[in-house]
Amino acid sequence: MLGKFQQSKLRIEVESSATNIRDSLLHPSVTKRWVVATSFPSEMPSELTSGYEFTSKLGLVAIHHRVDVATNNSLRLILSQGIDGFHEWYWGEGWVQSRIEGISLLPIALGQTVNLLSLRQFLKRQVQR
């Protein structure tokens with residue numbers, strides 16, 4: 001894999017319950033509504049489970065994901081192709097954290113920051129409804 005080893009860890013406060021955060025991360029139909037500049041396959045399960053694999057696209061770059069762990073408060077994705085590494089999510093009442101490590105030409109920390117801010121805004125809108 002060409003690229004540079006990158007790692008980033010971010011934790012933010014969100015105005016949301018752990019259940020809403022869980023649904024936003026584990027239910028692809030919801031995730032598609034807040035992830036920025038990424039397209040997902042049209043056919044995905046209603047909820048991510050361990051062992052499920054899919055490929056998303058960030059522009060022209062394909063990123064293959066294999067769900068390693070999917071629980072009520074965590075998600076771990078093994079990444080390959082555009083990013084060779086992993087992405088972990090943990091959450092609870094009012095907070096979410098993301099840790100990503102991998103080799104890529106993509107600016108991983110920038111993408112992670114944009115997506116966390118987008119998730120925060122999405123969850124805020126859900127609470128206001």
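Let's start with a pair of strands: β6 (residues 84-92) and β7 (residues 95-104) run antiparallel and are joined by nine bridges. Keep in mind that this is a predicted model. The two strands belong to an open sheet of seven strands, and helices α1 and α3 both meet that sheet, with α1 packing on it and α3 lying across β1, β6 and β7. There's also a pocket to explore, and the largest one has a volume of about 650 Å³.

**The sheet**

- If you walk across the sheet, you meet the strands in the order β1-β7-β6-β5-β4-β3-β2, and the pairing is antiparallel.
- The two edges are β1 (4-13) and β2 (38-39), each of which pairs on one side only.
- As a bit of background, strands of a sheet pair through backbone hydrogen bonds, and they can do so in a parallel or an antiparallel way.

**Following the neighbours from β4 to β7**

- β4 and β5 make a hairpin, with three residues between them, and their antiparallel pairing covers seven bridges.
- Within that pair, V67 stands opposite L77 in β5.
- β5 then forms a hairpin with β6, this time with two residues in between, and six bridges hold this antiparallel pairing.
- Here L77 turns up again, standing opposite H87 in β6.
- H87 has a bridge partner in β7 too, namely I100.
- So you can trace a path across the strands with your finger: start at V67, go to L77, step on to H87, and finish at I100.

**The helices against the sheet**

- Helix α1 (residues 18-26) touches β4 (61-70), β5 (74-81), β6 and β7 as it packs on the sheet.
- The direction of α1 makes about 155° with that of β6.
- Helix α3 (residues 108-128) runs at about 20° to β1.

**The largest pocket**

- A total of 32 residues line this pocket, and V35, T38, H65, H87 and N115 are the closest to its centre.
- H87 is worth finding on the model, as it has a place in this central group and is also the bridge partner of I100.
- The elements that each give two or more residues to the lining are α2 (28-31), β3 (53-58), β4, β5, β6 and α3.
- Which element gives the most? That's α3, with six residues.
- What classes of residue make up the lining? There are 23 nonpolar, eight polar and one charged.

**Two acidic residues to look up**

- D23 is found in helix α1.
- D23 has a relative accessible area of 24%, so it counts as partly exposed, a label for values that are neither under 20% (buried) nor over 50% (exposed).
- D23 and E47 sit 24 residues apart along the chain, and their C-alpha atoms are separated by 8.4 Å.
- E13 lies in strand β1, which is one of the edge strands.
- Is E13 buried or exposed? E13 counts as exposed because its relative accessibility is 66%, and the cut-off for that label is over 50%.
- Leaving out residues up to four places away in sequence, E13 touches G94, W95 and R120.
- E13 and Q97 are 84 residues apart in sequence, but from C-alpha to C-alpha they are 8.7 Å apart in space.

Note on methods: Residues are numbered from 1 along each chain as its sequence is written. This is a predicted model: local features need pLDDT of at least 70, side-chain atom pairs count only at pLDDT 80 or more; totals for chains, interfaces and linings use all residues. Side-chain values use heavy atoms; hydrogens and water are left out. Two strands pair if DSSP finds at least two bridges between them. Helices (H or I, at least four residues) and strands (E, at least two) are DSSP runs, numbered from the N terminus. Contact means heavy atoms within 4.5 Å. Axes are lines fitted to C-alpha atoms, for helices over the stretch in contact, and angles run from 0 to 180 degrees between N-to-C directions. On a 1 Å grid over the protein atoms alone, a cavity is a set of points where a 1.4 Å probe fits but cannot get out, and a pocket is an open set with protein on both sides within 12 Å along at least five of seven lines; lining residues have an atom within 4 Å of a point. Grid points are joined across faces, edges and corners, and a volume is the space filled by probe spheres set on the points. Ala, Val, Leu, Ile, Met, Phe, Trp, Tyr, Cys and Pro count as nonpolar, Asp, Glu, Lys and Arg as charged, and the others, Gly among them, as polar. Buried means under 20% relative accessible area, exposed over 50%, partly exposed in between (1.4 Å probe, protein chains only).
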